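Let's walk through this structure together, moving from a charged pair to the strands and then to the packing inside. Please keep the viewer open as you read.

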Amino acid sequence: MKMMDKLRVLALIAAADILLIAGLWWTITQWYQPEGRETNGPAGQVLWAAGGDQGPVDGNGQGGARPAGSPADETDSGQRPGDGTKCVALTFDDGPQRECTTDLLDGLKARGTKVTFFLMGQNIPGNEDLVKRMYDEGHLIGNHSYRHIQLTKEGTDAVCDAMDKTGKMIQEITGEYPQYLRPPYGAWNDDLECRVDMTTVLWSVDSLDWKLQNRQKIVRRILKDVKDGDIILMHDIFPTSVEAALEIIDTLTRQGYTFVTVDELLID
Ligand code: NI
C-alpha cells in the first residue's frame with residue numbers, strides 16, 4: 001500500500017471513531033435527561049394512597065392516611081422495569097365507555113403505552129370487544145365492582161357478590177380472573193379485605209378529571225404532583241380525560257418517564 005493510501009485508511013478509521021464516540025455521548029445524554037422533579041432517585045413505592053374517587057365522598061388525593069391493613073412504608077430498592085428510569089402508572093376507572101375508551105385505546109396503541117383499567121361490571125355488557133382489546137393490547141384489567149357504590153356501606157356478602165360478578169364477567173372475556181381491585185371512592189375496610197382475595201390498589205395522584213373536565217387543567221394538575229412510582233387516578237368516561245392522558249404520556253415520556261401497569265410497580 002502506498003503512503004497516501006495508508007494515510008487515507010487511517011483518516012477513515014479516525015473519522016469512524018469520532019462518529020462512534022459522538023453516538024455514545026448522544027445516547028448517554030439522552031438516557032440521563034436531568035428533567036422532572038425526581039433528582040434524588042426513586043421515591044417510595046406507592047400502592048396504598050388515600051384520596052377521593054369520583055363522587056360525593058371525594059378526598060383530596062394528596063396522600064393522607066393509609067387504609068387499615070396496608071403495608072408499612074418500605075424503603076424502595078429502586079429496582080423497577082426499565083431499571084434507572086422513572087416509572088408511573090396511569091389508571092382509568094368507571095369504564096368501559098364506547099367512545100372514550102375506544103379513543104384512549106387508539107391513543108395508547110399509537111404510543112405503545114400500557115395502562116391499568118378498573119372496570120365497572122355494569123358497563124361491560126355491549127362493550128365486551130373493548131375489554132378484549134384492553135387485554136389483547138397488554139393493558140392490565142382490574143375490578144371496580146359492579147355498580148358505583150360505596151362498598152363500606154354495603155354488607156360484606158353484597159360486596160363480595162358484586163366483586164365476584166364483575167370478576168367473572170371479565171374472566172369470561174379475557175380468560176383471566178382480575179387480581180387487582182379498586183373500590184369505588186377508595187372506600188374499603190379490613191372486613192372486606194379478608195373476604196376478597198384481590199390486591200387493593202388506590203392511587204397517589206388524583207387528577208380530579210371528573211371535576212375539572214378540561215384538558216389543560218387536568219394536565220397541569222397531574223404534572224404539578226407527579227413523581228417516580230406514582231399511581232395516577234383518571235376516568236376513561238370523559239373526552240377531556242382521554243385528551244389529557246395522551247398529552248401526559250407525551251410530556252412525561254419526554255421527561256424520561258416509563259409508563260407501567262400497577263402490577264409492575266408492585267414487583268420489588
Ligand atoms: Ni370510580
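Is Arg182 buried or exposed? Arg182 is buried, with a relative accessible area of 0%; here, buried means under 20% relative accessible area, exposed means over 50%, and partly exposed is in between, with a 1.4 Å probe and protein chains only. Before going on, please note that this is a predicted model, in which local features need pLDDT of at least 70 and side-chain atom pairs count only at pLDDT 80 or more, while totals for chains, interfaces and linings use all residues. Residues are numbered from 1 along each chain as its sequence is written, and side-chain values use heavy atoms, with hydrogens and water left out.

Now look at the partner of Arg182. Asp93 forms a salt bridge with Arg182, with the closest N and O atoms 2.9 Å apart; a salt bridge is a side-chain nitrogen of Lys or Arg within 4 Å of a carboxyl oxygen of Asp or Glu. Asp93 lies in strand E1 and Arg182 in the loop between strand E4 (180–181) and helix H5 (190–195), so the pair ties together parts that are 89 residues apart in sequence. Helices (H or I, at least four residues) and strands (E, at least two) are DSSP runs, numbered from the N terminus. Asp93 also counts as buried, at 0% relative accessibility.

In the whole structure, a search finds 11 salt bridges. Asp164 and Lys168 form one of them, the closest N and O atoms being 2.8 Å apart. These two residues are 4 residues apart in helix H4 (residues 156–174), and are therefore separated by about one helical turn. Asp164 is partly exposed at 26%, and Lys168 is partly exposed at 47%. Another salt bridge joins the side chains of Glu247 and Arg215 (2.2 Å, N to O). Glu247 lies in helix H8 (residues 239–254) and Arg215 in helix H7 (residues 215–225), so this pair ties together parts that are 32 residues apart in sequence. Salt bridges that share partners also join Asp106, Lys109, Arg133 and Glu137 into one network.

Let's turn to strand E7 (residues 230–235), where 6 of 6 residues are buried. Asp230, Ile232 and Met234 are buried on one side, and Ile231, Leu233 and His235 on the other. Which strands pair with E7? Strand E1 (residues 86–93) runs parallel to E7 and is joined to it by 6 bridges, and E6 (residues 205–206) is also parallel to E7, with 2 bridges; two strands pair if DSSP finds at least two bridges between them. On the E1 side, Phe92 has Met234 as its bridge partner, while Val205 stands opposite Ile232.

Some of these names return in the packing. The largest nonpolar core has 33 residues, of which Leu90, Phe92, Leu104, Phe117, Leu119, Ile232 and Met234 touch the most other members. A nonpolar core is a set of buried Ala, Val, Leu, Ile, Met, Phe, Trp, Tyr and Cys residues joined through side-chain atoms within 4.5 Å. H8 gives the most to the largest core, with 7 residues. Leaving aside neighbours within four places in sequence, Leu90 is in contact (heavy atoms within 4.5 Å) with residues including Ile232, Met234, Ala245 and Ile249. Apart from the largest core lies another, of 13 residues, among them Leu140, Leu202, Trp203 and Leu265.
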